[in-house]
Amino acid sequence: MKAILETQRLSLREMTKDDFPALCKILQDAEVMYAYEHAFSDEEVVAWLDKNLTRYEKDGFGLWAVVLKETGEMIGQCGLTLQNADDKEVLEVGYLFQKAFWHKGYATEAAIACKNYAFQVLGAKEVYSIIRDNNLASQNVAKRNGMKVCGQIVKHYYNMDMPHLLFKTEKNCITIDN
């Protein structure tokens, strides 16, 4: 499968049905999925994969497989999806990685590439990340991606109300690291 994006260490491509086992390593790990309050069942993983395959057809983008160039292994997923935030449809950069690949900069590397793709290829004017208020690691990725908190919403998921922070960056917004 042809890469949609490439970074120094990563290749991002559309997921296929063959990625089910690699996706299970992510979505069925309770530690990885703590922000969702549960690890996914096989049926939920299939539904997640099918939803992204539909997004590719309908929107031309979705969450993509993140493949480590060095080994060819799918280590995570990162991409762009349309999400509802405060009754407004927004373009979101989302990411989930296998725990073994946390704290190595892969999420930031992939998220920055997806943000740039949104601006340069899709012509987006702004990009969001919608992150659970208790997910500090993902919030730090959003900050390293040049995003700032611009609001808060509550998502109802898995029979619970879950507070989320809205992070946003705009095209041509210059960020200065301290």
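A residue is called buried here when its relative accessible area is under 20%. With that cut-off in hand, the predicted model can be read from its helices outwards.

Helix α1, which covers residues 20–27, is a good place to start: A22, L23, C24, I26 and L27 are buried in this helix. The cover over these buried residues of α1 includes helix α2 together with strands β4 and β5.

Helix α3 is mostly covered as well, with 12 of its 15 residues buried. The buried set runs through Y106, A107, T108, E109, A110, A111, A113, C114, K115, Y117, A118 and F119. The length of α3 also fits what its residue count predicts: at 1.5 Å a residue, its 15 residues should span 21 Å, and its end C-alpha atoms are 21 Å apart, so the two values agree.

One charged residue of this helix deserves a closer look. K115 sits in α3, and because its relative accessibility is 13%, K115 counts as buried. Beyond residues up to four places away in sequence, K115 touches V93, N145 and T169.

A second basic residue, R9, lies in the loop between β1 (5–6) and β2 (10–13). R9 has a relative accessibility of 30%, and therefore counts as partly exposed. Once neighbours within four places in sequence are set aside, the contacts of R9 are V67, L68, K69, K104, G105, Y106 and E109. Two of these partners, Y106 and E109, are among the buried residues of α3. With K104 there is also a polar approach, in which a polar atom of the R9 side chain lies 3.0 Å from the backbone oxygen of K104. Q28, by comparison, is 19 residues from R9 along the chain, and the C-alpha atoms of R9 and Q28 are separated by 25 Å.

The model can also be viewed through its empty space. The largest pocket holds about 1200 Å³. Its lining is made up of 44 residues, and those nearest the pocket centre are Y36, W48, Y95, L96 and I130. Two or more lining residues come from each of the helices α2 (42–59), α3 (106–120) and α4 (136–144), and likewise from each of the strands β4 (74–85), β5 (88–97), β6 (126–132), β7 (148–157) and β8 (160–170). Sorted by class, the lining of this pocket comprises 22 nonpolar, 14 polar and eight charged residues. Helix α3 thus links two parts of this description, being mostly covered while also giving residues to the lining of the largest pocket.

Key:
Residues numbered from 1 in each chain as written. Predicted model: local features only at pLDDT ≥ 70, side-chain atom pairs only at ≥ 80, totals over all residues. Heavy atoms only, no water. 1 Å grid on protein atoms, 1.4 Å probe; cavity = no way out; pocket = protein on both sides within 12 Å on 5 of 7 lines; lining within 4 Å. Points joined across faces, edges and corners; volume = space filled by probe spheres on them. Helix = DSSP H or I, 4+ residues; strand = E, 2+ residues; numbered from the N terminus. Nonpolar A, V, L, I, M, F, W, Y, C, P; charged D, E, K, R; others polar. Buried < 20%, exposed > 50% of the residue type's maximum accessible area, 1.4 Å probe, protein only. Contact = heavy atoms within 4.5 Å. Expected span 1.5 Å × (residues − 1). Polar contact = N/O pair within 3.5 Å; in protein donor to acceptor, adjacent residues only side chain to side chain.
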